[in-house]
Amino acid sequence: EETVSSLHKNEQHYDSKYASIHAGCLVRIVRNLDSFLADAILTDTSWHGLYQGGFAGKLAGKRVLELGCGDGLNALVMASLGADVVANDISKESGRIIREAADELGLKNIHTATGDFQTLPFDTQSFDLVVGKAFLHHLTHELEDLYLAKVAALLKADGEARFFEPAVNSQTLDNLRWLVPVSGRPSSLSRKAFAAWKLEDPHPDRDNSSKHYREVGNRYFAEARTSPIGSIERLCRLLPKGRFNRAYRRWAHRTEVYLPMMFRELAARSQLIVYRQPLAQR
């Protein structure tokens, strides 16, 4: 019952969120892909995280399933980089945006699959890569188990699952994060407003620690590793938006790799999660 409720809440939330998105906005980005990626991978945390390790250069010729593809931008980018992409989201608006953008861009190597991933039919061992950009943390733990078991079955033996997710490795830092209001979310100090926001929030209460993602991954994969991101980049939220903010974020991403791993994981804002060697194939 909790799982069904969570899925329904996500569907309603994202149908509403994506309804106003025009495909033309994405088309303009993809038509300037080189300049977009050059900036985004250095600056924007989700792109910096997901595309670590030269990921963009590994996509050509690969069959990729993206879970929770959202507005479709990452799916369109991967297809433009030469991957054969199946883009899945629970929101029907997501499929609409992708189809409209793909038609305008002339992309034939991107396909949409709308609905709950668990119920959609895919052939086993049919994907080289399964990716998710801020996807797993939308799932209850029960649904996460079901999804990862299916991901392991769908991947080829030498395939890889790659997820970019929030990291909550310090409850103290997480409590401090809630104190700072951001667009669409009030401060936890505004108790009534925060409680009202929480009721509408599509994210379930769950464990988003690096330890959890490694442990759940090890149920279905022989290799499950996490890479912390954003230990000092997270301070950008205290700075005014603009060129200085983006320059700070680029500096933070460059500098973070020199910091002690213990600090990086404890203070991480986000993380890259990589699962390899699916146990279903061993």
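## A tour from methionine 78 to asparagine 245

Select methionine 78 to begin: setting aside its neighbours within four places in sequence, this residue is in contact (heavy atoms within 4.5 Å) with Tyr51, Phe55, Leu59, Val64, Glu66, Ala83, Val85 and Val131. The model is predicted, so that local features need pLDDT of at least 70 and side-chain atom pairs count only at pLDDT 80 or more, while totals for chains, interfaces and linings use all residues. Residues are numbered from 1 along each chain as its sequence is written, and side-chain values use heavy atoms, with hydrogens and water left out.

**The nonpolar cores**

Widen the selection to the largest nonpolar core, which has 38 residues, and in which Met78 and Ile110 touch the most other members. A nonpolar core is here a set of buried Ala, Val, Leu, Ile, Met, Phe, Trp, Tyr and Cys residues joined through side-chain atoms within 4.5 Å, where buried means under 20% relative accessible area, exposed over 50%, and partly exposed in between, with a 1.4 Å probe and protein chains only. Helix α5 (residues 73-80) gives the largest share of this core, six residues; helices (H or I, at least four residues) and strands (E, at least two) are DSSP runs numbered from the N terminus. A second, separate core of 30 residues includes Ile90, Leu143, Ala152 and Ala161.

**The aromatic rings**

Next, display the rings, among which there are 14 aromatic pairs. Rings of Phe, Tyr and Trp (its six-membered ring) pair if their centres lie within 6.5 Å, and planes under 30 degrees apart count as stacked, over 60 as edge-to-face and the rest as tilted. Phenylalanine 117 and phenylalanine 122 form a tilted pair, at 6.3 Å centre to centre with 35° between the planes, and both of these residues are buried. Move then to tryptophan 178 and phenylalanine 194, whose ring centres are 5.7 Å apart and whose planes stand at 75°, so the pair is edge-to-face. This pair links distant parts of the chain, with tryptophan 178 in helix α8 (residues 171-179) and phenylalanine 194 in helix α9 (residues 191-200), 16 residues apart; tryptophan 178 and phenylalanine 194 are buried.

Return to phenylalanine 117 and add Phe122, Phe127, Phe135 and Tyr147, since ring pairs link Phe117 and these residues into a cluster. Arginine 63 lies over the face of phenylalanine 127, at 4.2 Å from the ring centre, and lysine 150 lies over the face of phenylalanine 117, at 4.8 Å from the ring centre; the criterion is NZ of Lys or CZ of Arg within 6 Å of the ring centre and within 35 degrees of the ring normal.

**Helix α10 and strand β7**

Select helix α10 (residues 210-217), in which Ser210, His212, Tyr213, Val216 and Gly217 are buried. They cover an arc of only 160° around the axis (taken from the directions from the helix axis to the C-beta atoms), which puts them on the same side of α10. The elements covering these buried residues include α7 (141-154), β5 (155-166), β6 (221-229), α12 (261-267) and β7 (270-278).

Of the nine residues of β7, seven are buried, so this strand is largely enclosed by the rest of the structure. Strands pair if DSSP finds at least two bridges between them: β5 and β7 do so in the antiparallel sense over seven bridges, and β6 and β7 in the antiparallel sense over eight bridges. In β7, arginine 276 is the bridge partner of glutamate 160, and serine 270 that of isoleucine 229.

**Asparagine 245**

Finish at asparagine 245 in helix α11 (residues 243-256), which is buried, with a relative accessible area of 6%. Its C-alpha is 9.7 Å from that of threonine 43, although 202 residues separate asparagine 245 and threonine 43 in sequence.
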